[in-house]
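Reader: I would like a close look at one part of this model, the nonpolar core and the residues around it. Please set it in the frame of the whole chain.

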Amino acid sequence: ANAAVAAPKSTLKNMQKYKGFYLMFIPVLVFTVAFHYLPLAGISLAFTEYRGVKAPEFVGLDNFVRMFEAPGFWTAFLNTLKLSVVKLLLNTLMAVVISLLLNEIKNMAFKKTTQTIIYLPHFMSWVVTVSVFSLILSPSQDGLVNTLLVNAGILEQGQEIYFMGSKDWWTSIFYIINVWKDTGWQTIIIMATLVGISQEIYEAAGIDGAGRWKKMWYITMPALANTIITVIILNLAKVLNLFESVFVLQNDAVMEKAEVIQTYVYNQTFNSGGIPNYGYTTAVGLFKSLVGCVLVLI
C-alpha cells in the first residue's frame, strides 16, 4: 500500500523536476491524439455506405467484398508493396554505403561539408524535387540526360526518351529520385552508430593485422546490424503510406505502374465522378493499416 501511494508522488516529483520537457511534449501529444487517435472513431464508416448526404447506412462487409473484387485495388496494392519495400531496402543500403564512405574521410571540414550537401535534398518539397528532375529528364533538347545520350550517339535526334511518361522507365526513375532525396537523412542514424564504435577495437584489430576491409566487415558491419534492423522495422510501419512522392510523379501514361493505395483512395474520393462513397474509401484505408500492422509484427 505504501508503495502504491509513493508511486504517484514520485511521478509528480519527476514531472516537477523535468517540467520543461513535459511542456515541450504537450504539442506532440495533442497532435498525436488529434490526428492519430480521434480519427479512429471513423473506422466504423468502413462498414457503412456513406456519401456525406444522409446518415451512414450499415452494409456489413460489402465494402471489403467490393474492394477485393476491384482489379484497380489489387493493382494499387501490389504497386504499393513493390515500390515501398524496394525503396526501403535501397534507401537503407545506400545510407549504409554513404555512411561508411563518409566515415573514412579524415578531413573534418570536407566531411562536414559533404554531409550537409547530402542532407539538403531531404528538406526540399516533393513538388520542387520533381520539377527539378522533370527538367533534367525532359524529352526535349533542354533535358540534360537526353542531350548527353544524343551527344554520346546512344540516341538519335528526335528519339529522346520521355522517362517520366514511360512505363519501362517510371519505376526506376521513382527509385532514383527517392534515393537522392531521402538517403542523406537516414545517414544521420548510421553515422551516430559509427561514431559510437570504440577506436580501441580498430586499433586492436590493426595490431592483429586486419586491413581496412576486414575492419569494416568484422567490426563496423556487426556494430551497424542492430541499427539497420531497427531502421527497417520502424520504416515498415510507414511502408504502405506512399502518397506525395508518387502523386507528383503520376501521369495518365504510367498509371498502371504508378497507382498506389493512397492515390487510389484519393482518386476514388475526388475523381470517381458523382458523390464518393466514403465508407468504401475508409474500408480501403482500414485494410492498408491492418497490412502495415501485420508487417511490423512479423
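Author: The answer below starts with the whole chain, moves to the core, and ends with single residues.

This is a predicted model. The chain has 298 residues, and 36% of them count as buried. Its secondary structure amounts to 14 helices and two strands. The radius of gyration is 25 Å, whereas a compact globule with this number of residues would come near 19 Å. Along the principal axes, the C-alpha atoms fill a box of roughly 85 × 75 × 35 Å.

Now the contacts and the surface. Take the contacts between residues at least 6 apart in sequence: 65% of them join residues at least 24 apart. The accessible surface is about 18,400 Å², and carbon and sulfur atoms hold 67% of that. Charge comes next. There are 20 positive and 17 negative side chains, and the centres of these two sets lie 15 Å apart.

Next, the core itself. In soluble globular proteins, nonpolar side chains tend to be buried together. Here the largest nonpolar core has 22 residues. The residues with the most contacts inside this core are L83, M164, W170, F174, I177, V246 and L249. Three helices give two or more residues to the core: α6 (126-136), α7 (144-151) and α8 (170-195). Of these, α8 gives the most, with five residues.

W170 deserves its own look. Neighbours within four places in sequence are left aside here. W170 is then in contact with L83, F163, M164, V246, L249, V254, K257 and A258. Among these partners, L83, M164, V246 and L249 are also on the list of residues with the most contacts inside the core.

Apart from this core lies another, with 20 residues. A46, M67, Y264 and F287 are among them.

Helix α3 (residues 62-69) holds N63. Why does N63 count as buried? Its relative accessible area is 4%, so N63 falls under the 20% cut-off. Beyond four places in sequence, N63 touches L45, A46, F47, T48, N277, G279, Y280 and A283. One of these, A46, belongs to the core of 20 residues. N63 and T183 are 120 residues apart in sequence, and their C-alpha atoms are 38 Å apart in space.

R66 is found in α3 too. This residue is partly exposed, because its relative accessible area is 38%. With residues up to four places away not counted, R66 touches Q268, N277 and Y280. N277 and Y280 are therefore touched by both N63 and R66. R66 and Y280 are 214 residues apart along the chain, yet 8.2 Å separates their C-alpha atoms.

T227 lies elsewhere, in helix α10 (residues 212-236). T227 counts as buried because its relative accessibility is 15%. Outside its neighbours within four places in sequence, T227 is in contact with I189, I190 and T193. Those three positions fall within α8 (170-195).

Last, a loop residue. L120 lies in the loop between α5 (108-119) and α6. Its relative accessibility is 48%, so L120 counts as partly exposed. From L120 to E57 the separation is 63 residues in sequence and 49 Å in space, C-alpha to C-alpha.

Definitions and conventions:
Residues numbered from 1 in each chain as written. Predicted model: local features only at pLDDT ≥ 70, side-chain atom pairs only at ≥ 80, totals over all residues. Heavy atoms only, no water. Helix = DSSP H or I, 4+ residues; strand = E, 2+ residues; numbered from the N terminus. Rg over C-alpha atoms; globule rule 2.2 N^0.38 Å. Buried < 20%, exposed > 50% of the residue type's maximum accessible area, 1.4 Å probe, protein only. Contact = heavy atoms within 4.5 Å. Areas by Shrake-Rupley, 256 points an atom, 1.4 Å probe, with all protein chains shown as cover. Lys, Arg positive; Asp, Glu negative; His and termini not counted. Charge placed at Lys NZ, Arg CZ, Asp CG, Glu CD. Core = buried A, V, L, I, M, F, W, Y, C linked by side-chain atoms within 4.5 Å.
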